[in-house]
Amino acid sequence: MSALSAHAQQATQPAGKQPDQSKKTDQEKATPAGATLLDKILVLSRTGETAIESLASASHVDQEQLDRRMATTPNEMLFGVPGVAAQADARRVSTSINIRGLQDFGRVAVIVDGARQNFQRSDHGTQSTFYIDPELVKSVDVIRGPVANTYGSGAIGGVVFFDTKDAQDFLKPDESWAGSVTGRYESNGKGWTSSASGAYRVSENWEVLGNIVYRDYDNYKDGDGDTVNGTGFDVLSGLLKTTIRPTENSELKLGWVGSSDGWDETSGGVPVNDIDLKSNTFTARYNITDEDKSWLDLHINTSYNKTNLGLTSLVPQNRFDPVSGLPVVLPAGSQSTFDVGTAGIDIWNTSRFETGGIAHELSYGGDWVGDNVKTGGAAGGDSFYTPSGKRNVSGAYVQDKLTWDWLEVIAGLRYDSYILKNDTHDISGDRLSPRVTVGVSPFESAGLAGLQFYGTYAEGYRSPSITETLISGNHPAGVSFPFLPNPNLRPETGKTTEFGVNYKQNDIFEAGDALRLKAAYFNNDVDDYIDGVTLSPFAPGSGCPFGPGIPICFQYQNFAKARINGFELEGVYDAAWGYAGLSASITNGHTVSYKGVEADLATIPSSQVTAQLGLRFLEDKLTVGGEVQYNGKPKGNAVATDYTLVNAFASYQATDDLKVDFRADNLFDVKYANPLNGGTTVAVYEPGITLKLAATMRFGG
């Protein structure tokens, strides 16, 4: 969950501005606890608000919390964030993010430094995956629901934004260079992580950073002590970034994030495929803000992400020809390739002005994302079921945030359009999506002045993906049956109503303490929801051809809607002695056919309650604490069970340049599986007890 930061500053300044330390009062100097992570400015915000100020379900995870998490995978970075779950199967390096029961095919926009991550590979498990090493990440922002539609088309579930590290995160003000090395050992899987970073200040307005990370992990053991085959991997990741400030009010960031991963896929506990993956993301982000020109807060982001996945069969495999459906033998050494390139541009400006005593923050902009998918390989290989093709998605929007005394109103309108095509199909569509939010702060008394209520109605638009529309061929193994393309798929429209409360209060029990609370109830109707269905050749009008050896067909089709509702809570209390946090999320959902038939939605995650406590000692050099998370079985999930995880952690800043971290995950060695993996062909149990020990040495001059 988004816990607390020991020395987080009250984030009342615009993004990029730092408070004047010389103006701190004696009381502020004597109370190091400061504010919570909910007071941190959201990196992806168009108007520079913090999570606690946002009239939306938003969370922020900062560097200190990420260090405490000692994450090996993106899943661990998001531990306890309400409404958010991650699915990874055995392929721990590849992750699919679920927000409020929605995932895959762009329903959740995953963004790394402004670059959309749209890699997709057809499989029984996760469909849309991304690759980022946690060691390269500085912070994570999450916005849940289609209120996030200013951040790109299709995000009817929400947005997760990973912001990578900068040179300034390593350089002290008086240094021209700095370096950092980290070594870490994990007991479960006997895994090693090595990381090295170097930062250099070329001039007062120009810094560069390089970071390289290597991880090498064997298969881990579950809570019963059984080895889970196929979970080992080795990955080499890197980051290069430069920050240039051409003028006092402008900044240009150029970056590259890349990884080279490898792992084995298993069947029946035996490795059958060797996976080699290379992912490269290139970004350029420019912004110019002039305090003397309130109409100017311009941002221009361009990006290109290319993911190449190569699959080599390790053993001969009995398959079916994708065209004829006849049995074939896929010999050892056969290859399949999946190449997905995603280009994007995102431009927006925020103008600030007043009319009749009402403050306006008017944001307007546009974005474009283009996917180019190329797959190939031997007949019977996996690549035939991820179709090649191109999809272009673009949009433009205008949104005004109006503030008057106790009243805040946000009104926005977004236009989306898409074009999807291959050699035989050319499909397009467009739509307008509105958003209206009203927030009130009705109280002025000391104890209630920080209480704010809000209500939102927002819509989002997701175009069908290339795979959902164009998948074809015959099922490769087990039983041969055809996949049917569906060029008549309609786009999904998410319509969300949300009611929430924000509360912030300082100096409650002692000087300098802070309480922050966010809670929300939401109801999301996704019209024309797209999901895979099994068709019978004997059903009239099914479109499934009747013939020898064709028991069923598979096709992506529209449902009348998916109905999802739930409740989320995120609360934190911070004081000089330590902090306590609590988060919770309950999500329910089902699909409704056009005939009114209801069915459980397989992507509903566990209901969760996460509590954590941290204590500070030795003038805040030592922090120790623990986490307890209860996970409740989703309704209708046949393989899921309730389970509770207990974790412990300790962090010791031995000197200014030496830090030691320890963490114990799953202390009671619970055997459990992610309920989102219930639809996969093989149950994948998560790691049992895992001990982590790391040391980080910093140097500079």
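**Exercise 1. Hairpins**

How many residues join E11 to E12 in the hairpin? Trace the pairing on into E13.

*Solution.* This is a predicted model: local features need pLDDT of at least 70, side-chain atom pairs count only at pLDDT 80 or more, and totals for chains, interfaces and linings use all residues. Residues are numbered from 1 along each chain as its sequence is written, and side-chain values use heavy atoms, with hydrogens and water left out.

Step 1. Fix the terms. Strands (E, at least two residues) and helices (H or I, at least four) are DSSP runs, numbered from the N terminus. Two strands pair if DSSP finds at least two bridges between them.

Step 2. Read the loop. Five residues link E11 to E12 in a hairpin.

Step 3. Check the pairing. E11 (residues 233-244) and E12 (residues 250-267) run antiparallel, joined by twelve bridges. Phe-233 has Trp-263 of E12 as its bridge partner.

Step 4. Move on. E12 pairs with E13 (residues 270-290) over 18 bridges, again in the antiparallel sense. Trp-263 has Ile-275 of E13 as its bridge partner. Two residues lie between E12 and E13 in their hairpin, and Gly-268 in the turn has a positive phi of about 65°.

**Exercise 2. Two open sheets**

Which strands stand at the edges of the five-strand sheet? Then find the edge strands of the four-strand sheet.

*Solution.*

Step 1. Write the order. The five-strand open sheet reads E1-E6-E7-E4-E5, with mixed pairing.

Step 2. Pick the ends. E1 (57-61) and E5 (115-116) each have a single partner strand, so one side of each lacks a neighbour in the sheet.

Step 3. Inspect one pair. E1 and E6 run antiparallel with five bridges. Val-61 has Val-140 of E6 as its bridge partner.

Step 4. Repeat. The four-strand open sheet has the order E23-E24-E28-E27, and its pairing is mixed. E23 (473-474) and E27 (530-535) are the edge strands, each pairing on one side only. Six bridges join E27 to E28 (residues 553-558) in the antiparallel sense.

**Exercise 3. The nonpolar core**

Which residues touch the most other members of the largest nonpolar core?

*Solution.*

Step 1. Define it. A nonpolar core is a set of buried Ala, Val, Leu, Ile, Met, Phe, Trp, Tyr and Cys residues joined through side-chain atoms within 4.5 Å. Buried means under 20% relative accessible area, exposed over 50%, partly exposed in between (1.4 Å probe, protein chains only).

Step 2. Name the hubs. In this core of 29 residues they are Met-77, Ile-97, Val-140, Val-142, Val-160 and Phe-162.

Step 3. Place the core. E3 (96-99), E4 (108-112), E6 (137-144), E7 (158-164) and E10 (206-217) each give it two or more residues.

Step 4. Look elsewhere. A second, separate core of 21 residues includes Tyr-217, Leu-311, Tyr-418 and Tyr-461.

**Exercise 4. The disulfide**

Which cysteines form a disulfide? Assign its handedness.

*Solution.*

Step 1. Search. A disulfide is a pair of cysteine sulfur atoms within 2.5 Å. The whole structure yields one.

Step 2. Identify the pair. The sulfur atoms of Cys-544 and Cys-553 are 2.0 Å apart. Both residues, Cys-544 and Cys-553, are buried.

Step 3. Use the torsion. About the S-S bond of Cys-544 and Cys-553 the torsion is about 75°, so the disulfide is right-handed.
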